[in-house]
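Please look over the following protein model with its empty spaces in mind. The briefing below takes one open space and one closed space in turn.

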Amino acid sequence: MSATRAAAGVGRGYYDRQRELQAFDNTKAGVKGLVDAGVTAVPAIFHHKPDPLPVLQPDAATATIPVIDLSSCARREDLVRAAKSAAQTVGFFQVVNHGVSGDLLAETLAAVRRFNEAPAESKRPYYFRGNARKVRFSSNFDLFQAPAANWRDTLFCDVAPDPPRPEELPEAVRHVMVEFGGAARALAERVLGMLSEALGLARDRLAEMGCVEGVGVASNYYPPCPEPDLTLGSTRHTDASFLTVLLQDDMGGLQVLVDQGGEGRRGWLDVPPLPGALVINIGDLLQLVSNGRFRSVEHRVMANRSRDTARVSVAAFCSADVIRSTRVYGPVGEPITSPDGSDPPLYRSITIHEYLAHFLKKGLDGRHTLDHFLLQQQPTPTV
């Protein structure tokens, strides 16, 4: 069955899934290509099972996404306290007055939009599945292993420690991609300093561990979706990073899985777009080295409900140097773990390569990647 027939609902549930995935990938046009072709129904390869968890309305009884003002007049101890609270609970917070130019943020979003809305033939040379190129365009990095594909296309660029040559980047984003990655990296170092102090460590301890040596920038494009209730922009997952810095446009769509205060219920909470803000979230590797004190929380992105406007976001994943790093990462020791055994390590020590091999093999399948590295099932400690 062709992708067109599957999209129209012909034989839905009775089709060769692998064949349809390959047919979609062979177009090298991504989801945007389906929309440009006039698709009016979401193809079966994008169908997700309904999520039973509710979408929560923010109120006094519900967890919220904190906003931290990094302006120079803020007291250091207040910033550390706010970052610690957010990292321990919801795992996400937004930062304002962060020092990254508003012009750079606006132009980064505009450049990503220009790239994705250019003719398909101009994007195909960058279409590549795998990690052998520094710059690669694709739809769903885990297309062939995920239970369902996401309604999203992505331009990914490794910007640190070795940025691509200008000619390796598409012309539309050539002037901003590396600059945005550098700005996000500097902000991540600043935030890691606060989080290091929140753990009782020296301000530069986490940075010295190589937590921001490597930066990959994922520019995500979410085309309008004809049946947004059938699919997602991104499956629920945690991030394969130490820290993620995210730039949203004004359409939002990001949701975080939180515990509803006092009721024992879990649900999805919107991360509302704030003009000029950047979203920070804890990644799996920071949860590991903090021995579970900081939480890498599951999140997802809803399919785009707009009839005519695409949604854009840009995420900088800050981590170790995935090419050269041989460092072994584990709970960092006192005061994170106690020599008397009262606060034992939750996770075994691993290399960045070991972590990524497992993450890439499983894809965004709804399971927490870190569970694979638990020494034994234990409750998460509190500070």
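What follows describes a pocket and a cavity, with the residues that line them.

The model is predicted, so that local features need pLDDT of at least 70 and side-chain atom pairs count only at pLDDT 80 or more, while totals for chains, interfaces and linings use all residues. Residues are numbered from 1 along each chain as its sequence is written, and side-chain values use heavy atoms, with hydrogens and water left out.

**Terms**
- On a 1 Å grid over the protein atoms alone, a cavity is a set of points where a 1.4 Å probe fits but cannot get out, a pocket is an open set with protein on both sides within 12 Å along at least five of seven lines, and lining residues have an atom within 4 Å of a point.
- Grid points are joined across faces, edges and corners, and a volume is the space filled by probe spheres set on the points.

**The second largest pocket**
- This pocket has a volume of about 500 Å³, and among its 23 lining residues H48, K49, P50, D51 and L232 lie nearest its centre.
- The strands β6 (232-237) and β11 (299-302) each supply at least two residues of its lining, strands being DSSP runs of E with at least two residues.

**The second largest cavity**
- The whole structure holds 2 cavities of 30 Å³ or more, and the second largest has a volume of about 40 Å³.
- Its lining includes R236, H237, F359, K362 and D365, and β6 and α10 (352-362) each supply at least two of the lining residues, α10 being a helix (a DSSP run of H or I, at least four residues).
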